[in-house]
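Student: I would like a close look at a single part of this model. Please take me through the charged pairing, then the helices at the C-terminal end of the numbering you discuss.

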Amino acid sequence: MRLYVETLISADIDRIWQATQNLDQHQRWDLRFGRITALGSGRLRYSTLGISGTAIASGDRHAADGTRTSALRFGSTHPLSPIRSGAGYWRYLPTPAGTRFLTSYDYRPRLLPRRLMWWATAWSFDRLRLSLETGVTPERLLRRALGEVAVRASAVIAAGCALPLWATLTVLIAALLWPPLPGTPAARRCLRHHHRHHRHRPERQEPPCHRSSSARSAPASTASTPSSSAASASGSTQERPASAPA
């Protein structure tokens, strides 16, 4: 399966690079990983809820136009791991409005549905965006999101106790569809497919784009797909000690 997520961050590319490539910072905002540890020689170990996996960096590419790309392969043999194996890349594209930060990766699923995997990635990207743009820590943004969920759930429960069924259903639908507050991370603010001539992201309050009908799944046991995409950004290749998972 292949997933694509993109956001526009009003921050310098160096700040975004540091927040995503530094393992200590990466694990703070990415919902998919509870802990990321460098193993040396470009390898690292990641874990969430006691389920671990390993990844190996394919290197970084810095193009003359300022574009940067980071690629890697990852996988886990744990029977409860949501992903068997995969390969992907992160790309950073400077624009007058900020930095387009995007990822595309192929993976072989084990338990996690594709829609939930995309949501976790996109929600994390918006959490990163808000943290860099507003200075609010990723941990506080998570508490803010959980608090908003609690308020919506409380409203539905209260309606169920005091209102007729039709009114309760109305409150439930409103709680599910009402847009999150501007300061709360939301996956819907990210793009879910690539526009070939896309330069600037649509307004964040617009409804999310639909999945591209031309998207195809590909075996993720090798890094051929992301590596070839990463190579399209011309420039020198630099190996580094470790890379954060896609």
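Tutor: Nine salt bridges are present in this predicted model. One of them joins the side chains of Arg100 and Glu6, at 2.8 Å from N to O. Arg100 belongs to strand β7 (residues 98–109) and Glu6 to strand β1 (residues 2–9), so this pair links parts 94 residues apart in sequence.

Now the helices. Helix α4 (residues 138–162) packs with α5 at about 175°, and the axes lie 9 Å apart. With that angle over 145 degrees, α4 is therefore roughly antiparallel to α5. On the α4 side, the contact uses Arg152, Ala155, Val156, Ala159 and Gly160. On the α5 side, it uses Thr168, Val171, Leu172, Ala174 and Ala175. Sorted by class, this contact has seven nonpolar, two polar and one charged residues.

Helix α5 spans residues 165–177 and includes Ile173. Ile173 also helps form a nonpolar surface patch of about 620 Å². Its other members are Leu165, Leu169, Leu172, Leu176 and Leu177. Leu172 thus appears twice: it is in the contact with α4, and it is in the patch.

Technical notes: Residues are numbered from 1 along each chain as its sequence is written. This is a predicted model: local features need pLDDT of at least 70, side-chain atom pairs count only at pLDDT 80 or more; totals for chains, interfaces and linings use all residues. Side-chain values use heavy atoms; hydrogens and water are left out. Patches are made of residues with over 30% relative accessible area and no salt bridge: like charges are joined within 9 Å, nonpolar side chains (Val, Leu, Ile, Met, Phe, Trp, Tyr) within 5 Å. Accessible areas come from the Shrake-Rupley method with a 1.4 Å probe; for residues, only the protein chains shown count as cover. A salt bridge is a side-chain nitrogen of Lys or Arg within 4 Å of a carboxyl oxygen of Asp or Glu. Helices (H or I, at least four residues) and strands (E, at least two) are DSSP runs, numbered from the N terminus. Axes are lines fitted to C-alpha atoms, for helices over the stretch in contact, and angles run from 0 to 180 degrees between N-to-C directions. Angles under 35 degrees count as roughly parallel, over 145 as roughly antiparallel, 65 to 115 as roughly perpendicular and the rest as oblique. Contact means heavy atoms within 4.5 Å. Ala, Val, Leu, Ile, Met, Phe, Trp, Tyr, Cys and Pro count as nonpolar, Asp, Glu, Lys and Arg as charged, and the others, Gly among them, as polar.
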